[in-house]
Every structure is written in structure tokens, then in C-alpha cells.
Amino acid sequence: MEQNIQPVPRTHKQAEKAYDNMARWYDLFAGSEKKFSSIGLQMIAVQPGEQVLEIGCGTGHALIELGKACQGGSVSAVDISEGMLRISRRRVHSAGLDGIVTFHKGSAASLAYPDDTFNAVFISFTLELFDTPDIPIVLGECHRVLRPGGRLCVVSLEKVESLIVKAYEWGHKHWPELLDCRPIYTRTCIEAENFQVISEKIKVMWGLPVAIVLAQKV
Ligand SMILES: C[S@@+](CC[C@H](N)C(=O)[O-])C[C@H]1O[C@@H](n2cnc3c(N)ncnc32)[C@H](O)[C@@H]1O
């Protein structure tokens with residue numbers, strides 16, 4: 001199945017540079033993704049007092065929802081791009097959530113948190129940016145930093161056999177800087193890293209399937 005997934009030729013350094021360059025414009029063209037992230041946020045259902053991590057927080061829309069939901073708890077946000085983090089910090093500040101959300105610039109492939117730290121980890125439109133051999137590393141890190149029974153919610157482009165997915169993959173192959181996400185087998189990737197899937201929704205964005213998967217650390 002893995003061979004079926006398109007490779008991601010760029011390095012993490014190149015990804016960082018790409019997102020630094022697009023940070024200022026990101027919200028102008030990524031608005032359609034918010035609807036799917038919101039479904040993931042409902043599914044992960046953060047509770048007061050919880051410790052939450054968002055990986056690839058981007059410009060920080062989900063951080064506002066997570067920060068409001070975790071009253072008395074906290075949210076940690078990781079992103080590789082300083083440009084994206086700058087916009088996130090501004091958004092969090094405007095929402096009055098400075099004391100609740102903290103930021104860390106770094107890669108999801110090597111999280112700077114101790115084992116068993118978080119009740120919940122949220123990842124939206126970021127897991128599918130990683131090359132296939134890196135996906136288990138990122139999910140392994142999520143598993144490590146989650147407490148036993150902790151929840152993981154992943155929102156991601158989903159691989160299915162369809163003409164539109166083939167056309168998108170063709171685009172990804174020829175313009176990887178423009179179409180940097182590519183569809184993956186989200187649920188299969190998660191289950192392979194010792195998570196038990198609790199629920200899964202498949203939605204459609206511009207004709208492309210989007211998986212929203214909620215799982216629990218076992
Ligand atoms: C497509 S954006 C999604 C942003 C946000 N989650 C959303 O749904 O709007 C992907 C984000 O992942 C970040 N990213 C890319 N590679 C990363 C890595 N290795 N570690 C952490 N974040 C990374 C990018 O900087 C960017 O902010």
C-alpha cells in the first residue's frame with residue numbers, strides 16, 4: 001500500500017522556507033480547509049483542564065478553539081515555520097489567550113516534550129506533508145507524548161482510487177511546491193502506530209476526500 005503513496009521530495013528545511021514565504025498569504029487561499037479542521041475539533045472535544053498539543057499549527061485558527069475549550073488547562077503549539085508562528089502568536093494574543101497557548105518552533109518528527117504529557121494531540125492538513133518514511137516517526141512522537149488513553153485527531157487528504165485523486169497526484173508530482181499535501185491512507189497509518197480508531201469521517205473538499213480520524217493511544 002505504501003508504494004502507492006506519492007513521495008515527498010522536499011526536505012524539512014525546504015518546507016520551513018516554503019511556509020515562511022507563504023505565511024503572509026496563507027489565510028487568503030487556505031480558507032476552505034477550516035471547515036474540516038472544525039469537524040476534527042468537534043471530534044477531539046477538548047475538555048476543561050486538559051493539556052493539548054497542536055502539531056503544524058499554521059496561522060493559529062484551531063489554537064483559538066483549543067485554547068477556549070481547555071479552560072484551566074493549556075495548549076502547546078508546534079510549527080517548523082517562524083513565519084506561520086508569528087501570525088499564530090498575533091492571533092492568540094488578539095484572542096486574549098497568551099497565558100494559555102505556548103509556542104515552540106521545531107519539527108513534528110522530534111517533539112521537545114517529555115513522554116505522557118498531553119491529553120490530546122491535534123494535526124490538521126500537516127501529516128500528509130511528510131514523506132512516507134517520516135509519517136510513522138511523527139505518529140510515534142504523538143504516541144510518545146500522549147498520556148495513556150490520550151486522543152489523537154488527524155485531518156488529512158485521503159487516498160482513494162479515483163480520477164480526481166489521480167489528477168491531483170499528477171499536479172503534486174509536477175508542482176510539489178504548489179500542491180504540497182498529497183493524499184495518504186490516514187486511518188491505516190494511525191492504526192500502524194498503536195492507536196485504536198474511535199471514529200472516522202470522510203468528507204469532500206473540491207472533489208478530494210478528506211479523512212478526519214479520532215483515535216486513542218493504546
Ligand atoms: C498546510 S499547513 C496547515 C496549517 C494548519 N494546521 C491548518 O489546518 O490551517 C501545514 C503546516 O505544517 C507546518 N509544518 C510543515 N512541516 C512541518 C514539520 N516538519 N514540523 C512541524 N510543522 C511543520 C507548516 O509550517 C504549516 O504551518
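# Helix, sheet and ligand shell: how do we know?

Biologist: Which elements do the buried residues of α6 pack against?
Modeller: In this predicted model, the buried residues of α6 pack against β1, β4 (118–124), β5 (146–157), α8 (186–191), β6 and β7.

Biologist: Which residues of helix α6 are called buried, and what makes a residue buried?
Modeller: A residue is buried if 20 or more other C-beta atoms lie within 10 Å of its own. In α6 (residues 135–145), Ile135, Val138, Leu139, Glu141, Cys142, His143 and Val145 meet that limit, so they are called buried. An α-helix has 3.6 residues a turn, so residues three or four places apart point the same way.

Biologist: Let's turn to the sheet. What is its strand order, and is it open or closed?
Modeller: Seven strands form an open sheet in the order β3-β2-β1-β4-β5-β7-β6, and their pairing is mixed. β3 (101–105) and β6 each pair on one side only, which makes them the edge strands. On average, neighbouring strands here are turned by 15° against each other, with direction ignored. Helix α6 packs on this sheet and touches β1, β4, β5, β6 and β7, while its direction makes about 150° with that of β5.

Biologist: How do you know that β1 and β4 pair?
Modeller: Two strands pair if at least two bridges are found between them. β1 and β4 are joined by four bridges, so they count as a pair, and they run parallel. Ile55 stands opposite Ile123 in β4.

Biologist: What makes β4 and β5 a pair?
Modeller: At least two bridges are needed, and six join β4 to β5, so these strands pair as well; they too run parallel. Phe122 has Cys153 in β5 as its bridge partner.

Biologist: Why is β5 called largely enclosed?
Modeller: Of its 12 residues, nine are buried, so β5 is largely enclosed by the rest of the structure.

Biologist: Why is Ala45 called exposed?
Modeller: Exposed means 12 or fewer C-beta neighbours within 10 Å. Ala45 has 12, so it falls within the limit and counts as exposed. This residue is in the loop between α3 (34–44) and β1 (51–55). Ala45 also has a positive phi of about 40°, although it is not a glycine.

Biologist: And why is Trp206 called exposed?
Modeller: With 8 C-beta neighbours inside 10 Å, Trp206 is within the limit of 12 or fewer, so it counts as exposed. Trp206 is found in the loop between β6 (195–205) and β7 (208–217). Its phi is near 50°, a positive value in a residue other than glycine.

Biologist: Why is Lys201 called partly exposed?
Modeller: Lys201 has 15 C-beta neighbours inside 10 Å, a count between the exposed limit of 12 and the buried limit of 20, so it is partly exposed. Lys201 is found in strand β6. Leaving aside residues up to four places away in sequence, Lys201 touches Ile39 and Ile212.

Biologist: Which residues of helix α4 are buried, and what do they pack against?
Modeller: In α4 (residues 61–69), the buried residues are His61, Ala62, Leu63, Glu65, Leu66 and Gly67. They pack against α3, β1, β2, α5 (82–94), β3 and β4.

Biologist: Which residues come nearest to the ligand?
Modeller: Tyr19, Gly56, Gly58, Ser81 and Ser124 come nearest, out of the 22 residues around the ligand. By class, this shell has 12 nonpolar, eight polar and two charged residues.

Biologist: Which element gives the most to the shell around the ligand?
Modeller: Helix α1 does, with three residues. α1 (12–22) and β2 (74–79) each supply at least two residues of the shell.

Biologist: Finally, the whole chain. Why is the chain called as compact as a globular protein of that length?
Modeller: The secondary structure of the chain comes to eight helices and seven strands. The radius of gyration of the chain is 16 Å, and the globule rule gives 17 Å for 218 residues; the two values are close, so the chain is as compact as a globular protein of that length. The C-alpha trace spans about 45 × 40 × 30 Å along its principal axes. Buried residues make up 39% of the 218 residues.

Key:
Residues numbered from 1 in each chain as written. Predicted model: local features only at pLDDT ≥ 70, side-chain atom pairs only at ≥ 80, totals over all residues. Near = placed C-beta within 6 Å. Nonpolar A, V, L, I, M, F, W, Y, C, P; charged D, E, K, R; others polar. Contact = placed C-beta atoms within 7 Å. Axes fitted to C-alpha atoms, helices over the stretch in contact; angles between N-to-C directions. Rg over C-alpha atoms; globule rule 2.2 N^0.38 Å.
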